[in-house]
Amino acid sequence: MPLSRSLSMTSLTGVLPAWEEDELPVEDLLLFEVSWEVTNKVGGIYTVIQTKAKITVDEWGDNYYMMGPYFEHNFKTQVESCEPPNPAIRKAMDALIHNGCQVHFGRWLIEGSPYVILFDIGSAAWNLDRWKGDLWDTCNIGLPFHDREANDSLILGSLIAWFFKELTDHLGDKPNVISHFHEWQAGPGLILSRSRKIPMATVFTTHATLLGRYLCAGNTDFYNNLDKFNIDKEAGERQIYHRYCLERAAVHCAHVFTTVSQITAVEANHMLHRKPDVVTPNGLNVKKFSAMHEFQNLHSTNKAQIQEFIRGHFYGHLDFNLDKTLIFFIAGRYEFSNKGADIFLESLSRLNYLLRVHRNDVTVVVFFIMPAKTNNFNVESLKGQAVRKQLWDTAHAVKEKFGKKLYDALLKGQIPDLNNILDRDDFTIMKRAIYATQRHSLPPVTTHNMLDDSADPILSNIRRVGLFNSRNDRVKVVFHPEFLSSTSPLLPMDYEDFVRGCNLGVFPSYYEPWGYTPGECTVMGIPSVTTNLSGFGCFMEEHVSDPAAYGIYIVDRRFRSAEESCNQLTQFMFSFCQQSRRQRIIQRNRTERLSDLLDWRYLGRFYIHARHLALSRAFPDKFKMDPMAPLKTEGFRYPRPYSVPPSPSASIHSTPHHSDVEDDDDEPYDEDEEAERDRMNIKSPFVLNAVPEGKKQQPGESRN
């Protein structure tokens, strides 16, 4: 069967090293990827499997299948039903269907259009008690009747194991099967498949350990006590012991265990008692986000739209210069401590003090985009946008009248009398418009009416630090407790457009196994703040010599106290505020160049290695791999840019929307020349998961 094989690393602008791993004979293999989030968006894993689909289909063609639960609405809106191209898969599906279990097949309508096999959990629920008995007999794990999610995962896992048994019976020795399971919900399928000795290679990926999420959500000093936790006791106290057992059993049953970042590898080693074999970082389909050489223009266009919202929201208090206003934001799930909103608010308070003490003319407007429980838009916020629109209409009407009189006078060869060009009615209209902008209250800090205003963590901390959007504050706060949408009457922008219009994304997370938000900023050319406790931050530390020069500011939350981390974050933001407009443009150019690092065309190699390793362990006679040899998944380190700190001068052709008033500085800067130097001065590659030169390996760190 013909397969398209367009996976090529040479297309990545000549920067990334070529892939040296031996190619798998994909024509003689079948690859299955199992996740609860196939066609079913729940969290970040959906983004992982959706964006990775294109490069996997390019490599595997019709030999790649995704598996997950069937939900009628999702199937009707996201999947095109069709027949399986492989007769063995059709026979395996029929075996389940003839026994009363519904199985659906089709193409998932995303980029790459991968095949999906979806199992109807409801149609097989009558087998639950019997399958619970099988699980207990197999590995002594019992599931309580009230945990529906665990019960559903068992039903899905039992159906998948049943499917694989039928499939391998029909296939025989060829082609061989690789199955990749994501997260604990897919774990039962792996456990049952291995216990029944189904001949296939298995990979299990944890994107975040189950217990790690629970412990960090409870404000535990997690990373300093990794080796001190009584794991069984902690899981039992949180009533997730059965889930933890499923996760741990799946980890130890898999031929290859992977996780998404170095920091999560350390966590998994302590929580699940197995060192990951491979770290498989999360990527993005960079093509989706890239705007070629227009990303600077898009930044200017979208920033203007955000500024319009700011004009309305702060009407009556708009005594700051929007041309000298920077827009910061934080976005994600509303996990106040895990996402670092606590340290961010404290740092904003200190930044506000610094800007006032130094009499800096820069104003910072900070957006919190975190969904919370609300009952509607704030009336004051809606009124602000209405006042802004009314002022715009008034100014436009007066401008039209003024322009017509000026035009008529010039046609007659006269210089108009500016004292008579506007009559008394025009002045009356303008005075009424000015009076309409008067406001006796402060601009609201939130755009919606919160259901539990007094107990909301963000609002409580805003009250504590005193950021009330007063005239003296140089840091203004806008809490938007709803995901952004282009249909919103308040801030009509999609998330991607909003990010492009901001100056800095701030994500000082305490618990973030990967962190897509700073990654999305990077591929759109927007600088961001992350931490060395996020997978993204660790990845950038390993790959980039001087991350801050490329607009990636990494706060140390692992080896510093909370106070020191807060001061470091404050200093990062204050230094950013001191940059000139041209310096920020140059930094955005550098940030955007890192997007190739986050492309699945590069990061997909780590998944290739994991599959090869799994095959060599499951079928050692057919697939050879020296377990003692260093991994060929080699990375590299971007060098420090040629001109650091960012030069305050730049060539016009490389900096769209350059400032009208530039700083006097003759230092030359050429974007193309600097990018070429980055390509030529690449440091020697390092082995995956090795500790960077000059950095001591920490206790518990994996060195695969």
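These questions and answers look at the main pocket and one helix pair in a predicted model.

Reader: Which residues lie nearest the centre of the largest pocket?
Author: Happy to help: residues are numbered from 1 along each chain as its sequence is written, and in this predicted model totals for linings use all residues. A pocket is an open set of 1 Å grid points where a 1.4 Å probe fits, with protein on both sides within 12 Å along at least five of seven lines, and lining residues have an atom within 4 Å of a point. The largest pocket is lined by 48 residues, and nearest its centre are G43, G44, I45, T47 and R333.

Reader: Where does the largest pocket lie relative to domain 1 and domain 2?
Author: Domain bounds here come from an automatic or database domain assignment. Domain 1 (26-279) and domain 2 (293-378 + 444-597) each give residues to the lining, so the largest pocket lies between them.

Reader: Which element gives the largest share of the lining of the largest pocket?
Author: Helices are DSSP runs (H or I, at least four residues) and strands likewise (E, at least two). Elements giving two or more residues include α7 (210-217), β10 (325-331) and α1 (44-60). The largest share, seven residues, comes from α1.

Reader: At what angle do helix α5 and helix α6 pack?
Author: Axes are lines fitted to C-alpha atoms over the stretch in contact, and angles run from 0 to 180 degrees between N-to-C directions. With axes 7 Å apart, α5 (residues 148-171) and α6 (residues 187-195) pack at about 40°.

Key: This is a predicted model: local features need pLDDT of at least 70, side-chain atom pairs count only at pLDDT 80 or more; totals for chains, interfaces and linings use all residues. Side-chain values use heavy atoms; hydrogens and water are left out.
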